[in-house]
Amino acid sequence: MKTNRRSFIKHSSAALMGSLLWQNEEASAVTLDSLKNNADEDDEAFWKNVRKHFPLANDFAYLNNGTMGPSPYYVIEAVKKGMMDGDQFGNYGGWENLHAKLAAFVGADEKEIALTHNVTDGINIACWGLPLKKGDEVILTTHEHVGNAFPWLNRQRLHGIVIRTFTPAPTAAETLERIAALINKKTRALAIPHIPCTQGQILPAKEICKLGRDKGLFIFIDGAHGPGMLPLNLKEMDCDMYASCCHKWMLGPKGTGFLYVKKIFSKHYKLIL
Ligand SMILES: Cc1ncc(COP(=O)(O)O)c(C=O)c1O
């Protein structure tokens, strides 16, 4: 899929951001129109226009989207409206159509999306849900965020699983070789970031999934930095689970996330059920 920052903002993030929780149609329409109407401006004017949609202080350059993306006004307004609707009129909900929208955004089926509060939520569901026993091996990188390190380390301590690690290599081929070299008869799962938070390298997720699939492993991807940063097609990627959130690169409300769970994953891997 060919994309650039401008078309990405126009066609994906902006469309989704405006339609997240507590949808505010009016606000999202205004914003989308305003971005579309300015699509022919030169780059400087276009980005100045984008900037106006955020309450970030003028003298402030925010570079930490990998932790929490700043939301534009219409997301903030939609969240406020949702909270007021609850407190004033006892209304709640607004997420009924969200599974389908998220699914379309990440190339999945509606039924494969569960709503969570953040990436770590999804990681914990994946990690603690796996029927691993003493001696079973799980492969991680040496570049994990604590969110994808502690759950597995806790299982190591509590259940005696064995964690094996590799350092992502400069090339995809070398990275795959390093993973392949760690796989043995006791390996049960891969739990690998799509984009490690330490250096921002995009790992060859699709090829890693193919390798794991060929070896009958369960494949979990920490997708903290996927959606909103890259076009995604999780079906094509072919992982079993992919945990992510809407509050980083998608610029959505804080405390919103999702876990992709492949419909038929249990048929493929050789964990003892
Ligand atoms: C690679 C990676 N995984 C997991 C997380 C945890 O994300 P969250 O705060 O949404 O749980 C982060 C947060 O920065 C991250 O960079």
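**Close-up views of a predicted model**

**Figure 1. Aromatic pairs in the predicted model.** Three aromatic pairs are counted in this structure, with ring centres within 6.5 Å as the criterion. One of them joins Phe-46 and Trp-47, whose ring centres are 5.1 Å apart and whose planes stand at 85°, an edge-to-face arrangement. Phe-46 is buried, its relative accessible area being 0%. Trp-47 has a relative accessible area of 25% and is therefore partly exposed. A further pair is formed by Tyr-92 and Trp-95, which counts as tilted because the planes meet at 45°, with 6.2 Å between the ring centres. Tyr-92 is exposed at a relative accessible area of 75%, whereas Trp-95, at 35%, is partly exposed.

**Figure 2. Packing of helix α8 with helix α9.** Two packed helices are described by the angle between their axes and the distance between the axes. Helix α8 covers residues 172–182 and helix α9 residues 205–214; their axes come within 10 Å and cross at roughly 25°. Angles under 35 degrees count as roughly parallel, so α8 is roughly parallel to α9. The crossing of α8 with α9 is right-handed. On the α8 side the contact is made by Leu-176, Ile-179 and Ala-180, and on the α9 side by Glu-207, Ile-208 and Leu-211. Sorted by residue class, this contact of α8 with α9 holds five nonpolar residues, one charged residue and no polar ones.

**Figure 3. Surroundings of Pro-70 in the loop between α3 and α4.** The loop that carries Pro-70 links α3 (43–52) to α4 (73–89). Is Pro-70 buried or exposed? Pro-70 counts as buried because its relative accessibility is 15%, and the cut-off for buried is under 20%. Leaving aside residues up to four places away in sequence, Pro-70 touches Phe-54, Leu-56, Tyr-62, Asn-65, Leu-251 and Lys-254. Gly-252 lies 182 residues from Pro-70 in sequence, yet the C-alpha to C-alpha distance between Pro-70 and Gly-252 is 8.0 Å.

**Figure 4. The protein chain as the setting for the close-ups.** The secondary structure of the protein chain consists of ten helices and seven strands. The chain has 273 residues, of which 49% count as buried. Of the contacts between residues at least 6 apart in sequence, 66% join residues at least 24 apart.

Conventions
Residues are numbered from 1 along each chain as its sequence is written. This is a predicted model: local features need pLDDT of at least 70, side-chain atom pairs count only at pLDDT 80 or more; totals for chains, interfaces and linings use all residues. Side-chain values use heavy atoms; hydrogens and water are left out. Axes are lines fitted to C-alpha atoms, for helices over the stretch in contact, and angles run from 0 to 180 degrees between N-to-C directions. Helices (H or I, at least four residues) and strands (E, at least two) are DSSP runs, numbered from the N terminus. Angles under 35 degrees count as roughly parallel, over 145 as roughly antiparallel, 65 to 115 as roughly perpendicular and the rest as oblique. A crossing is left-handed if the near helix is turned anticlockwise from the far one by less than a right angle, and right-handed if clockwise. Contact means heavy atoms within 4.5 Å. Ala, Val, Leu, Ile, Met, Phe, Trp, Tyr, Cys and Pro count as nonpolar, Asp, Glu, Lys and Arg as charged, and the others, Gly among them, as polar. Rings of Phe, Tyr and Trp (its six-membered ring) pair if their centres lie within 6.5 Å; planes under 30 degrees apart count as stacked, over 60 as edge-to-face and the rest as tilted. Buried means under 20% relative accessible area, exposed over 50%, partly exposed in between (1.4 Å probe, protein chains only).
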